[in-house]
Amino acid sequence: MGDDQQSDKPRVYVSAFFCQEMIREPDKDLLTAIRIADSFAAVPIELSPTFDGEGEPPPFSPMRTYLPLDAHAVIAFRSEAPVEFTASLRGTGPNGEIMPGGFEDHPCKIGADGAGYTLNANVRVPTDQKGTYWFEIYVDGELATKLPLRIEHPDSSFGQQSVKLQVRISESPC
């Protein structure tokens, strides 16, 4: 929470990170984060039509598409005293536009003895635009921290995937 937080409420400390996979054992309250990262490579899928006939193929340009990134945001809230609060998550793309999704006013409760509250949020990030996506975490409506997630578009020599479509034309193209 900011320095201008309510003085009658205990301070809530926030830490967060992104990971690619997560295993949660609810019976033991254990969390395993796999591939903690703040940067991911988005490799396009190229759809290239082929001509299955005689003569010249029709002039189709390959199409490129980027699949969205599914990641997990692990957000840990801690306080020195018991407290109830709401948490919100909002994402902003590299172009400054607010992204759909996130959550608002999620009720959270921290118990006594330095206990905490860990929130796991699944995030789907569009990867067609490279750059830094920012995720803002709010506690009781106040900005508590920001979490960057960088999307890179590596050059085509870096493991590019392609899918070929078969275009069957029985007559000569016009």
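The following paragraphs lead through the structure from its overall make-up to its two sheets, its core and a few single residues.

The model is a predicted one, in which local features need pLDDT of at least 70 and side-chain atom pairs count only at pLDDT 80 or more, while totals for chains, interfaces and linings use all residues. Residues are numbered from 1 along each chain as its sequence is written, and side-chain values use heavy atoms, with hydrogens and water left out.

The protein chain contains twelve strands and zero helices. Here helices (H or I, at least four residues) and strands (E, at least two) are DSSP runs, numbered from the N terminus. Read from that end, the order of elements is accordingly β-β-β-β-β-β-β-β-β-β-β-β. Of the 174 residues in the protein chain, 29% are buried; buried stands for under 20% relative accessible area, exposed for over 50%, and partly exposed for what lies in between (1.4 Å probe, protein chains only). The accessible surface of the chain is about 11,000 Å², and carbon and sulfur atoms hold 49% of that surface. Such areas come from the Shrake-Rupley method with a 1.4 Å probe, and for residues only the protein chains shown count as cover. A contact means heavy atoms within 4.5 Å. Among the contacts with a separation of 6 or more, 67% are between residues 24 or more positions apart.

Consider now how the strands are arranged. Two strands pair if DSSP finds at least two bridges between them. One open sheet consists of four strands in the order 2-1-6-9, with antiparallel pairing. Strand 2 (30-36) and strand 9 have a single partner strand each and stand at the edges, so one side of each lacks a neighbour in the sheet. On average, neighbouring strands in this sheet are turned by 55 degrees against each other, direction ignored. For such angles, axes are lines fitted to C-alpha atoms, for helices over the stretch in contact, and angles run from 0 to 180 degrees between N-to-C directions.

Strand 1 can be followed in detail within this sheet. With strand 2, strand 1 forms a hairpin that has four residues between the two strands, and Asp-29 in the turn has a positive phi of about 55 degrees. Six bridges join these antiparallel strands. Opposite one another stand Glu-21 and Ile-34 of strand 2, Met-22 and Ala-33 of strand 2, and Ile-23 is the bridge partner of Thr-32 in strand 2. Strand 1 also pairs with strand 6, over seven bridges and in the antiparallel sense; in that pairing Phe-18 stands opposite Ala-73 of strand 6.

A further open sheet has five strands in the order 3-11-10-7-8, and its pairing is mixed. Its edges are strand 3 (39-41) and strand 8, each with a single partner strand, so one side of each is left without a neighbour in the sheet. From one strand to the next, the twist averages 25 degrees. Strand 3 pairs with strand 11 in the parallel sense over three bridges, and Ala-41 stands opposite Glu-152 in strand 11.

In soluble globular proteins, nonpolar side chains tend to be buried together. A nonpolar core is a set of buried Ala, Val, Leu, Ile, Met, Phe, Trp, Tyr and Cys residues joined through side-chain atoms within 4.5 Å. The largest such core here has 30 residues, and Phe-77, Phe-85, Val-125 and Phe-135 have the most contacts inside it. At least two core residues come from each of several strands, including strand 1 (13-25), strand 7 (83-92) and strand 10 (131-139). Strand 6 gives the largest share, five residues. Leaving aside residues up to four places away in sequence, Phe-135 touches several residues, among them Phe-18, Leu-89, Val-125 and Leu-147.

Some further residues complete the picture. Thr-92 belongs to strand 7 and is buried, at 15% relative accessible area. Beyond residues up to four places away in sequence, Thr-92 touches Glu-97, Ile-98, Met-99, Thr-132, Tyr-133 and Trp-134. Cys-19 is buried at a relative accessible area of 0%, and Cys-108 is buried at 4%. A disulfide is a pair of cysteine sulfur atoms within 2.5 Å, and by this rule the count is zero disulfides.
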